[in-house]
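Here is a friendly walk through one protein model and the ligand it holds. Please keep the 3D view open as you read.

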Amino acid sequence: MRSKLLWFGVYLALVLAPLAVLLLEAEPPGTGFQWDLAIALGFAGLAMMGVQFVLTARFRRATAPFGIDIIYYFHRYLGGVILLTIVLHPVLLLTDSPDLVSWLNPLEAPWHMTAGVLSIVSLVTLLATSALRRQFHLAYEPWRVAHSLLAIAAVGLALAHMEGVQRYVANPWTHALWRAFALSLIASVVFVRIVRPWQLHRRPYRIVNRVAERGDAWTLTVEPIGHRGFEFQPGQFAWLTIGGSPFRMREHPFSFSSGPAPADGRLQFTIKELGDFTRTVGRVSIGTTAYVDGPYGAFTIDRHQAAGAVFVAGGIGVAPIMSMLRALANRGDRRPLLLFYAYRRRERLTFYEEIETLKTRLALTVVYLLEEPDEEWAGERGRITRELLARHLPPDDVHCQYFVCGPEAMTQAVERQLNALGVPMSRVHSELFQLV
Ligand SMILES: Cc1cc2nc3c(=O)[nH]c(=O)nc-3n(C[C@H](O)[C@H](O)[C@H](O)COP(=O)(O)OP(=O)(O)OC[C@H]3O[C@@H](n4cnc5c(N)ncnc54)[C@H](O)[C@@H]3O)c2cc1C
């Protein structure tokens, strides 16, 4: 909790620093409250835009206390706040001084005003293409390239606009602050695009095994080449690049499905065929080079004191849960564990045989739930409901931790149902497979 507050404090300090420095201006900066507010919103909006880069740069120390899905959620949520803040900047200025409207015309306006307008256009395009990506059927990879370029354009043009206006950056402190701000943005882009791929390039892996699993999934085993790999906590994930170069930034996030890495550093990922990339996994040749950027994430039983655990898996959401079950079995853990495992049909239940075996090594109860059961199916059927959970959950005094991973709609519904059953949300941890 303390480290969360610390990082939140760092975020606020970064966003508010430009406003604090603005107060150092020798002359009152504005021509009245509305004008000053407009200027302050412009500065705060620009600072928030810049910090968006840092949020998604996957700095492990900063993301670890929250979990990367929460960081991406925050990043998405802030997009709307930034748009409002930035759009209010010209709206307040124009309603305060309507004669400035001519500056919206690039033929009449000074260059820095046009830079400001283009920055807002880039920001609006960036947010629209992100919010409507699925409705527009934009493929992830081209969207990601466009997203990065639009973000760089929005911030770069806004900095040029500010530099061109000059009036509010004349103070040496303000000037120094914005120089440092621009330099740290460049540094974070260089780190993400060059330094980290270079680090990955120096620590390659190779695919050593590929096994078909139930439910159109494949388990890939990768082994470090010339290094010892890394340790991870069961339930965490990594960004995986198969073939190609890490500089091309074609990586995809996958949970580790193996238990903790053995001494040889081997890792396993279980990948369901879904789209362009995952449909190629079943054809990957043994020996192909891979790059593994990890570990990331806070979805792990190892970070929580628990008298027992309840796992809720939907489809391939079973992968990180399998990692936790395997790790607990290796450790000889005897705490009570309950797994709800929902899938459409019985034959698709990935890891079914191994889960049945794990029941003998762990104090594990499994409730399978099928949406389309065959005639012989005697188990639970339909979707996960509050009644179903209440029927199987241990008594409340057991103080379990809850781990939920599955399709977004299922995960949100389970969180609501657990909450309605009186489970404190601090004990419910979920992993979403859709960051964007
Ligand atoms: C933390 C986390 C852990 C995951 N663990 C697993 C796992 O163990 N097993 C598994 O099968 N799947 C897992 N996924 C989902 C997996 O990353 C996507 O299914 C995969 O990237 C889809 O790629 P595609 O090109 O085949 O499909 P597409 O049809 O191109 O994409 C389907 C959706 O996946 C997401 N996506 C696509 N490419 C990327 C990318 N490069 N980076 C981030 N998101 C992307 C987008 O939301 C997209 O709409 C996990 C996702 C996350 C965020």
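The report below turns to the ligand and then to a sheet.

**Around the ligand**

This is a predicted model, and in it 24 residues surround the ligand. The closest are Glu251, His252, Pro253, Lys272 and Thr278. By type, the shell divides into 13 nonpolar, six polar and five charged residues.

Nitrogen atoms of the ligand come up in the polar contacts listed here.

| Residue | Part of the residue | Distance to a ligand nitrogen atom |
|---|---|---|
| Tyr140 | side-chain N or O atom | 3.3 Å |
| Glu251 | polar backbone atom | 2.8 Å |
| Thr270 | backbone N or O atom | 2.9 Å |

On its own, the ligand has 890 Å² of accessible area, and the protein covers 91% of that. Two elements, strand 4 (252–255) and strand 5 (267–272), each give two or more residues to the shell. Strand 4 gives the most, with four residues.

**A six-stranded sheet**

Now to the sheet. Six strands form an open sheet with parallel pairing, in the order 10-9-8-7-11-12. Strand 10 (380–381) and strand 12 (428–431) each have a single partner strand, so one side of each is left without a neighbour in the sheet.

At the strand 12 edge, strand 11 (residues 400–405) runs parallel to strand 12 and is joined to it by four bridges. Tyr402 stands opposite Val428 of strand 12. Helix 11 (residues 408–420) packs on the sheet, where it touches strand 7 (308–314), strand 11 and strand 12. The direction of helix 11 makes about 155° with that of strand 11.

Terms used:
Residues are numbered from 1 along each chain as its sequence is written. This is a predicted model: local features need pLDDT of at least 70, side-chain atom pairs count only at pLDDT 80 or more; totals for chains, interfaces and linings use all residues. Side-chain values use heavy atoms; hydrogens and water are left out. Two strands pair if DSSP finds at least two bridges between them. Contact means heavy atoms within 4.5 Å. Axes are lines fitted to C-alpha atoms, for helices over the stretch in contact, and angles run from 0 to 180 degrees between N-to-C directions. A residue is near a molecule or strand if one of its heavy atoms lies within 4 Å of it. A polar contact is a pair of N or O atoms within 3.5 Å; within protein, one must be able to donate a hydrogen and the other to accept it, and residues adjacent in sequence count only if both atoms are side-chain atoms. Accessible areas come from the Shrake-Rupley method with a 1.4 Å probe; for residues, only the protein chains shown count as cover. Ala, Val, Leu, Ile, Met, Phe, Trp, Tyr, Cys and Pro count as nonpolar, Asp, Glu, Lys and Arg as charged, and the others, Gly among them, as polar.
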